[in-house]
Amino acid sequence: MNVMNCKSCGRLFNVMANEKICPACKQALEDKFQEVKRYLEENPNSSVEQVANENDVSVKQIKQWVREERLIFSEGSLQGIECESCGKMIRTGRFCDECKANMTNTLKNALDRPKAPEPKKPVRDGDRMRFLQSGMKD
Ligand SMILES: [Zn+2]
Ligand SMILES: [Zn+2]
C-alpha cells in the first residue's frame, strides 16, 4: 500500500487507487460538488465566476467538473467552457460537437486510407526489345 501527502491538505494518507487527495478532502470535495450542483439548479444562468464566488470553489475546479461531464451548463446559460480544440463555448465535456465529428472523421480517414501501392513489377526490357525487333521485321 502506498502512502502519500494529500494534494489538498498535505496530510499523509493511504492510497487505495490513484487518488491524489485524502478521503477527508475527497469527501469535502464531493460535498462541495453537491453544493455547486444544487446552486446551478437554482441559478442555471450564473457564470462560472459567480458560481465560484458564491460557493467558495475555484473556477478551475468548476471547469474540471464540467470537463468530467459531471456539471453541464444550462441551455439558457450565457457561459460555458471552451472547446479544447477550437475554443468555441460548449456546455460540457472537452470538445464541441463539430470537433468531435471532425475527430471521428479524421480517425475514420486514417483507417480508410488506402494501403501504399504495391511496388511495380520490374519492366522486362528484354522482352519488349525482342517484340519491337520482331515487329520491325514485319
Ligand atoms: Zn486532504
Ligand atoms: Zn471545437
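Reader: What is the arrangement of the four donor atoms around the zinc ion (ligand 2)?
Author: This is a predicted model, in which local features need pLDDT of at least 70, side-chain atom pairs count only at pLDDT 80 or more, and totals for chains, interfaces and linings use all residues. The four donors subtend angles of 102 to 117° at the zinc ion (ligand 2). Four donors qualify for the label if all angles lie between 85 and 135 degrees, so the arrangement here is tetrahedral.

Reader: Which residues are the protein donors of that zinc ion (ligand 2)?
Author: Residues are numbered from 1 along each chain as written, chains are lettered from A and ligands numbered from 1 in written order, and side-chain values use heavy atoms, without hydrogens or water. The donors (N, O or S within 2.8 Å of the metal) follow the spacing C-x2-C-x9-C-x2-C along the chain. Each is an SG atom, and they lie 2.3 Å from the zinc ion (ligand 2): C83, C86, C96 and C99.

Reader: How many residues apart in sequence are the parts that C86 and C96 tie together?
Author: C86 sits in the loop between β3 (81-82) and β4 (89-90), while C96 sits in the loop between β4 and α4 (97-112). Helices and strands here are DSSP runs of at least four and at least two residues. The pair therefore ties together parts whose separation in residues is 10.

Reader: Is C96 buried or exposed?
Author: Its fellow donor C86 has 46% relative accessibility, so C86 counts as partly exposed (between 20% and 50%). C96 has a relative accessible area of 1%. Because buried means under 20%, C96 is buried.

Reader: Which residues does F73 touch, leaving out those up to four places away in sequence?
Author: F73 lies in the loop between α3 (59-67) and β3, and at 4% relative accessibility F73 counts as buried. The C-alpha atoms of F73 and L40, 33 residues apart along the chain, are separated by 8.3 Å. With contact taken as heavy atoms within 4.5 Å, F73 touches V48, V66, Q79, G80, I81, I90 and R91.

Reader: What is the centre to centre distance in the aromatic pair of F33 and W65?
Author: The structure holds one aromatic pair (ring centres within 6.5 Å). That pair links helix α1 (residues 23-42), which holds F33, with helix α3, which holds W65, 32 residues apart. F33 and W65 are both buried. With 70° between the planes, the pair is edge-to-face (over 60 degrees), and the centre to centre distance is 5.2 Å.

Conventions. Donors = N, O, S within 2.8 Å, 3.2 Å for Na, K, Ca; no water. Tetrahedral: all angles 85-135°; square planar, octahedral: opposite > 155°, others 65-115°. Buried < 20%, exposed > 50% of the residue type's maximum accessible area, 1.4 Å probe, protein only. Phe/Tyr/Trp six-rings, centres within 6.5 Å; stacked < 30°, edge-to-face > 60°.
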